[in-house]
Amino acid sequence: MNLLRLFGWKVEITVPDYPKCIICVAPHTSNLDFIIGKLAYWSVGRRAGFLMKSTWFFFPLGILLRAMGGIPVKRGKGGGNLTEQIVDLYRRSTRLTLAITPEGTRSLTRQWRTGFWHIARQAEIPIVLATIDFRTKTASARDVITNTTTLEADMSRIKEFYRGATGRHPEKFTVD
């Protein structure tokens with residue numbers, strides 16, 4: 001039985017199970033988003049990895065995070081070009097799905113990150129748009145972008161997709 005259903009959540013994942021893709025997930029206003037997203041994707045028999053600050057990968061938590069698909073990321077100087085590293089990882093993999101939050105933080109931000117778009121463009125993989133909506137208690141993945149236009153046009157389409165979605169802390173999410 002789907003654990004989310006016990007708590008009144010619905011899972012609506014209608015996109016294909018791509019061997020390689022980025023799942024763009026928003027709103028991201030709480031650590032609970034991670035748990036709901038993982039459970040939703042697992043409930044349909046799919047797995048997705050995630051990027052996380054390397055400081056979280058200490059023993060024994062690091063073992064668990066890696067087992068769940070976690071990829072440690074060094075931030076700041078000495079971390080190298082993350083986009084290039086992830087594109088290379090996609091090119092070397094036969095199957096890789098990563099969930100990335102475009103806001104890049106659980107705090108309110110109007111400037112969304114675009115690294116996920118650049119990764120998808122350079123690795124030539126689709127971007128799956130997924131929502132964790134606390135108002136409707138729905139975790140969904142219903143749309144796909146294949147990077148056929150410009151960054152500005154795609155980001156506008158992506159933000160429009162999330163308009164009306166409600167995070168656990170609505171005051172921490174905006175598409176404007």
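Modeller: Helices are DSSP runs of H or I with at least four residues, strands are E runs of at least two, and both are numbered from the N terminus. The model is predicted.

Biologist: What pattern does the chain follow along the sequence?

Modeller: Start with the count: the chain holds 6 helices and 7 strands. Read along the sequence, their order is α-β-β-α-β-α-β-α-β-α-β-β-α.

Biologist: What radius of gyration does the chain have?

Modeller: The C-alpha trace spans about 40 × 40 × 30 Å along its principal axes. For 176 residues the globule rule gives 16 Å, and the chain comes close to that, so it is as compact as a globular protein of that length; its radius of gyration is 16 Å.

Biologist: What share of the contacts with a separation of 6 or more comes from residues 24 or more positions apart?

Modeller: Take burial before contacts: 45% of the 176 residues count as buried. Among contacts with a separation of 6 or more, the share from residues 24 or more positions apart is 70%.

Biologist: Within what arc do the buried residues of α5 fall?

Modeller: Helix α5 covers residues 115-123, and its buried residues are Phe-116, Trp-117, Ile-119, Ala-120 and Ala-123. Seen down the axis of α5, they line one face of the helix, because they fall within an arc of 160°.

Biologist: Which elements do those buried residues of α5 pack against?

Modeller: Contact here means heavy atoms within 4.5 Å. The partners include two helices, α4 (82-92) and α6 (151-162). The strands on the list are β2 (20-26), β5 (96-100) and β6 (127-133). In full, the buried residues of α5 pack against β2, α4, β5, β6 and α6.

Biologist: Which residue with a positive phi follows α5?

Modeller: Look just past the end of α5. There phi is positive, near 55°, and the residue is Glu-124.

Biologist: Within what arc do the buried residues of α6 fall?

Modeller: α6 has 12 residues and reaches 17 Å from first C-alpha to last, close to the expected 16 Å. Buried in α6 are Leu-151, Asp-154, Met-155, Ile-158, Lys-159, Phe-161 and Tyr-162. Seen down the axis of α6, these line one face, because they fall within an arc of 155°.

Biologist: Which elements do the buried residues of α6 pack against?

Modeller: One partner is the helix α5. Strands are on the list too, including β7 (138-145). The complete set is β2, α5, β6 and β7.

Biologist: What phi does Gly-164 take?

Modeller: Gly-164 comes just after α6. Its phi is positive, about 95°.

Methods
Residues numbered from 1 in each chain as written. Predicted model: local features only at pLDDT ≥ 70, side-chain atom pairs only at ≥ 80, totals over all residues. Heavy atoms only, no water. Buried < 20%, exposed > 50% of the residue type's maximum accessible area, 1.4 Å probe, protein only. Arc of directions from axis to C-beta. Expected span 1.5 Å × (residues − 1). Rg over C-alpha atoms; globule rule 2.2 N^0.38 Å.
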